[in-house]
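Trainee: Could you take me through one part of this model closely, namely the stretch that UniProt annotates as a domain, and set its strands in their surroundings?

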Amino acid sequence: MVASGNYVLINAHVVPATAAPFDGSVVVTEGRITELGPDVETPAGHEVIDAERGWVLPGLVDAHVHLGVHEQGEGWAGADFNESTDPVTAAVRAIDAINPVEIGFDDALAHGVTTVNVNPGSANVIGGLTVAIKTHGAVIDDMVLRSPSGLKAALGENPKRVYGDQKKTPNTRLGTAFAARKAFAEAQHWAAKSPEDRPADLVSAALVKVLNREIPWRQHCHRADDIMTALRIADEFGYDLVLDHGTEAHLIAERIAARGIPVLYGPMMVSRSKVEVRARSPRAPGILAKAGVKVSIITDHPVVPIDFLINQASLAVKEGMDPAEAIKAVTINPAEVLGVADRVGSIEPGKDADLTLWEGDPLDTRHRALRTWIEGREVYSYDSATGAGSVRPRW
């Protein structure tokens with residue numbers, strides 16, 4: 001593994017995500033991308049790494065996961081994603097429950113995923129604050145890109161099932177929408193008071209961040225009618241809305257595009273396990289993109305393991321999505337939605353050197369990630385001689 005932060009990737013097919021691909025080089029200096037192009041000279045003091053005609057892409061970005069808060073194989077001990085004791089838990093923070101050494105982070109690095117957005121679950125009407133992080137590190141605070149990066153909320157089946165079983169509100173879609181409106185109205189009332197007259201209210205303080213458009217409202221919703229409820233409430237309270245999942249979003253793509261609302265589509269490789277996901281379709285990302293929606297592809301890890309983020313993009317291409325749009329859907333689009341595109345999501349001078357070297361086109365499932373770098377440091381490498389991958393130690 002390369003320890004230095006100064007090197008040049010040469011003889012590469014470079015896919016910047018925000019510009020046309022080219023054959024050439026990428027220069028990395030002190031963990032940042034400093035130059036790229038077909039005719040780049042190697043600066044003094046830089047190591048030369050021959051990509052051997054492999055494809056170099058920005059590190060992949062998954063804008064909706066439960067990495068580290070829903071640990072695989074840990075049962076209840078690792079299930080820290082749903083504080084399902086109150087339908088409104090806007091003040092809880094995903095960052096407080098992430099185990100950064102959960103095995104899913106290694107899987108992410110081995111498949112080129114360098115940035116993720118960790119969400120609370122969807123049991124509650126308002127689930128809590130999300131956080132955008134890098135996928136390598138031992139202390140979560142050192143991995144943060146943006147905190148908070150959004151406020152997670154849910155419409156549809158999950159809240160009404162969880163609280164209906166507890167004989168509490170909400171146990172209908174009516175009650176779910178009411179609970180969200182009530183929380184926003186209370187937050188507005190709290191914010192209207194002078195600071196010295198406001199009682200301590202962490203829930204309202206979190207909701208005011210949304211109302212002030214400091215962070216987006218991350219709305220879990222699947223069915224088209226639930227999506228329309230999400231649009232309606234957003235229009236009423238005037239915040240920045242992001243549609244998470246959006247299983248039936250392609251059925252009303254023009255309405256969503258007209259409002260400029262991004263959709264984080266997925267998970268795609270799952271069964272039709274409940275009514276609201278029966279219309280899930282790998283054609284949807286392509287339909288949304290053609291309608292002018294900024295679409296990202298998500299795994300909802302561990303619902304679909306983080307390993308398969310790029311494979312979902314491949315599936316979308318198989319079903320009609322433009323390949324360049326599919327690459328954007330797992331790089332620059334989710335980076336922009338998360339508000340971290342100044343640092344990640346594309347290969348551009350000044351951005352973090354979060355890069356992955358692939359054997360070939362990553363949309364071809366025969367090609368694997370060979371090497372992954374985060375901020376210029378190599379964090380994963382694959383040894384073709386032994387057929388084994390290695391993640392850089394976190395401690």
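Mentor: What follows looks at the annotated stretch, strand by strand, and then at the largest pocket.

The model is a predicted one, and the name of the stretch comes from a record: an unreviewed UniProt entry lists residues 230-367 under "domain: Amidohydrolase-related". Over those residues the chain is 33% helix and 11% strand, while the C-alpha atoms at the two ends lie 39 Å apart.

A good place to begin is strand 11, which covers residues 241-245. With a cut-off for burial of under 20% relative accessible area, five of its five residues are buried, so strand 11 is largely enclosed by the rest of the structure. On one side of the chain order comes strand 10 (residues 217-221), which runs parallel to strand 11 and is joined to it by five bridges; within this pairing, Trp217 stands opposite Leu241. Between these two strands the chain passes through helix 5 (residues 224-237), and the resulting β-α-β crossover is right-handed. Strand 11 also pairs with strand 12 (residues 263-265), again in the parallel sense, over three bridges, and here Leu243 is found opposite Val263. The path from strand 11 to strand 12 leads through helix 6 (residues 253-259), in another β-α-β crossover that is right-handed.

Further along is strand 14 (residues 355-358), where Leu355 and Leu357 point one way and Thr356 and Trp358 the other, and all of them are buried. Such a pattern has a general background, since side chains in a regular strand alternate between the two faces of the sheet. The pairings of strand 14 are antiparallel: strand 5 (residues 55-58) meets it over four bridges, with Val56 as the partner of Leu357, and strand 15 (residues 369-374) likewise pairs with it over four bridges, with Trp373 as the partner of Leu355.

The largest pocket of the model can be described next, with a volume of about 440 Å³. Its lining is made up of 28 residues, and Ser122, Asn158, Lys274, Asp300 and Val303 are those that lie nearest its centre. By class, the lining holds nine nonpolar, 14 polar and five charged residues, and the element that gives the most to it is helix 2 (residues 157-165), which supplies three residues.

How values were computed: Residues are numbered from 1 along each chain as its sequence is written. This is a predicted model: local features need pLDDT of at least 70, side-chain atom pairs count only at pLDDT 80 or more; totals for chains, interfaces and linings use all residues. Side-chain values use heavy atoms; hydrogens and water are left out. On a 1 Å grid over the protein atoms alone, a cavity is a set of points where a 1.4 Å probe fits but cannot get out, and a pocket is an open set with protein on both sides within 12 Å along at least five of seven lines; lining residues have an atom within 4 Å of a point. Grid points are joined across faces, edges and corners, and a volume is the space filled by probe spheres set on the points. Ala, Val, Leu, Ile, Met, Phe, Trp, Tyr, Cys and Pro count as nonpolar, Asp, Glu, Lys and Arg as charged, and the others, Gly among them, as polar. UniProt positions are given in the numbering used here, feature names are shortened, and annotations may be inferred rather than shown by experiment. Buried means under 20% relative accessible area, exposed over 50%, partly exposed in between (1.4 Å probe, protein chains only). Two strands pair if DSSP finds at least two bridges between them. A crossover is right-handed if, with the strands pointing away from the viewer, the path from the first strand over the helix to the second runs clockwise.
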